[in-house]
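Trainee: I should like to learn how strand pairing, domain contacts and a ligand shell are read from a model. May we go through them in turn?

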Amino acid sequence: MRKVEIDKNSGFCFGVRKAIESATNLLDNGDKVYCVGDIVHNEEESNRLASKGMEIIGKEDISTIKDGTILFRAHGEEPASYLKVKKSELILNDATCPVVLKLQQRIRAAYEQQKKVNGQIIIFGKKGHAEVVGLVGQTNGEAIVVENSEGLKLIDFSRPIEIFAQTTKNPDELKQLVALISDKAKKPVQWHNTTCKQVTGRVPRIKAFASQFDIVVFVGGKKSSNAKVLFQACKEENENSYFVSSADELKKEWFHTSDQSVGVCGATSTPFWLMEKVAEKISQF
Ligand code: SF4
């Protein structure tokens, strides 16, 4: 009989859990809920909420909706989205993760300070990612988003620099970027490790989990940055690690003999029920 174990430390972080609970409570109450963007970077969970009646809309749609509740997801929103809801008759349920909310406030305060000294706000993150859009919005759109060393050419090194990171970024990569920027800078560089411990603390834990099994199956959404980081950690620890978004993506040929042990784990955006479904299918191979 094959041993299949699910990682108890995997699954929703508290920010995502809180947003999903808000959505579920509203829907169970019979409210009409419009979530601005995917509530979680996990298609299976989004489909579950859609079947309860939740609709995903773009921020440009807010002004076209007549009644109901607008839900802001854990990633947070830019000030312009708050303004759109304020101008409407709609109810706002703001499920922005408290960690992201605090980061937005810090960036806004830093932007006001840097403006006085002609400084620049740098955000180490993924361009266009919902959280990053919300962060850039705190700076009147002026923050420079740097994804990698290529992005350094956007920075004016003769001016002061203050660096923040998208919460799901790898802290080691942040330190490397800070070192590259500090090397070129003509003025002192301020930086803040704003990566989220809910994500970074998972890297050593998931590595320890992955090392215990012959095969690791990682369950995550294809659009999730956090899933990429955590899957990479599994792969570094155990080369027999595979990424799936649902049980249908499992391949029988990954599992050679029935005595091979299998660990199932996932991202902060992966629902536990989905890992259970994947584990159940593996045990049938
Ligand atoms: S990873 Fe951290 S910052 Fe992001 S939603 Fe979860 S708890 Fe909040």
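Trainee: Which residue is the bridge partner of Glu 5 in β12?

Mentor: In this predicted model, Glu 5 has Gly 263 as its bridge partner in β12. The general idea is that strands of a sheet pair through backbone hydrogen bonds, in either a parallel or an antiparallel sense. Here β1, residues 4–6, pairs with β12 in the parallel sense over three bridges. A further pair of partners is Ile 6 and Val 264 of β12.

Trainee: How many bridges join β10 to β12?

Mentor: Strand β10, residues 215–219, runs parallel to β12 and is joined to it by five bridges. Gly 263 appears again in this pairing, as the bridge partner of Val 216.

Trainee: In what order do the strands of this open sheet lie?

Mentor: The order is β1-β12-β10-β11, four strands with parallel pairing. An edge strand pairs on one side only, and in this sheet the edges are β1 and β11. On average, neighbouring strands are turned by 25° against each other, direction ignored. Helix α8, residues 202–210, packs on the sheet and touches β10, β11 and β12. The direction of α8 makes about 160° with that of β12.

Trainee: Is β12 largely enclosed or exposed, and why?

Mentor: The general idea is to count C-beta atoms around each residue: 20 or more others within 10 Å make a residue buried. In β12, five of the five residues are buried, so the strand is largely enclosed by the rest of the structure. Val 262, Val 264 and Gly 266 point one way from β12, Gly 263 and Cys 265 point the other way, and all are buried.

Trainee: How does the count work out for Ser 246?

Mentor: Ser 246 has 16 C-beta neighbours inside 10 Å and therefore counts as partly exposed. The residue is found in the loop between β11 (241–244) and β12 (262–266). Sequence separation and spatial separation should be read together: Ser 246 and Lys 277 are 31 residues apart in sequence, with 8.2 Å between their C-alpha atoms.

Trainee: And is Asp 28 buried or exposed?

Mentor: Asp 28 is exposed, because 9 other C-beta atoms lie within 10 Å. Asp 28 belongs to helix α1. Its C-alpha atom is 8.1 Å from that of Lys 52, a residue 24 positions away in sequence.

Trainee: Which strands form the other open sheet, the one that contains β6?

Mentor: Four strands form that sheet in the order β7-β6-β8-β9, and the pairing is parallel. The edge strands are β7 (144–146) and β9 (189–191), each paired on one side only. Neighbouring strands of this sheet are turned by 25° on average, direction ignored. Three bridges join β6, residues 120–124, to β7. Within that pairing, Ile 123 has Val 145 of β7 as its bridge partner. Helix α4 lies across β6 and β8 (161–165), and runs at about 150° to β6.

Trainee: Which domains does the assignment give for the protein chain?

Mentor: The domain assignment gives domain 1 (4–11 + 199–284), domain 2 (14–97) and domain 3 (99–196). The first of these listed, domain 1, is made of two segments of the chain. Taken over C-alpha atoms, the centres of domain 1 and domain 3 are separated by 32 Å. Their contact takes five residues from domain 1 and eight residues from domain 3. On the domain 1 side, α7 and α9 (225–237) each supply at least two residues, and α9 gives the most, with three residues. That side divides into two nonpolar residues, three polar and no charged.

Trainee: Where does the ligand lie with respect to the domains, and why?

Mentor: A ligand's position can be read from the residues that form its shell. Domain 2 and domain 3 both give residues to this shell, so the ligand lies between them. The shell has 14 residues, and the closest are Cys 13, Gly 15, Cys 97, Val 99 and Cys 196. The elements that give two or more residues are α1 (14–28), α4 (98–116) and α7 (197–200).

Trainee: Which element gives the most, and how do the residues of the shell divide?

Mentor: Helix α1 gives the most, with three residues. By class, the shell divides into nine nonpolar, five polar and no charged residues.

Definitions and conventions:
Residues are numbered from 1 along each chain as its sequence is written. This is a predicted model: local features need pLDDT of at least 70, side-chain atom pairs count only at pLDDT 80 or more; totals for chains, interfaces and linings use all residues. A residue is near a molecule or strand if its C-beta atom, placed from the backbone, lies within 6 Å of it. Ala, Val, Leu, Ile, Met, Phe, Trp, Tyr, Cys and Pro count as nonpolar, Asp, Glu, Lys and Arg as charged, and the others, Gly among them, as polar. Domain bounds come from an automatic or database domain assignment. Two strands pair if DSSP finds at least two bridges between them. Axes are lines fitted to C-alpha atoms, for helices over the stretch in contact, and angles run from 0 to 180 degrees between N-to-C directions. Two residues are in contact if their C-beta atoms, placed from the backbone, lie within 7 Å. A residue is buried if 20 or more other C-beta atoms lie within 10 Å of its own, exposed if 12 or fewer, and partly exposed in between; C-beta atoms are placed from the backbone.
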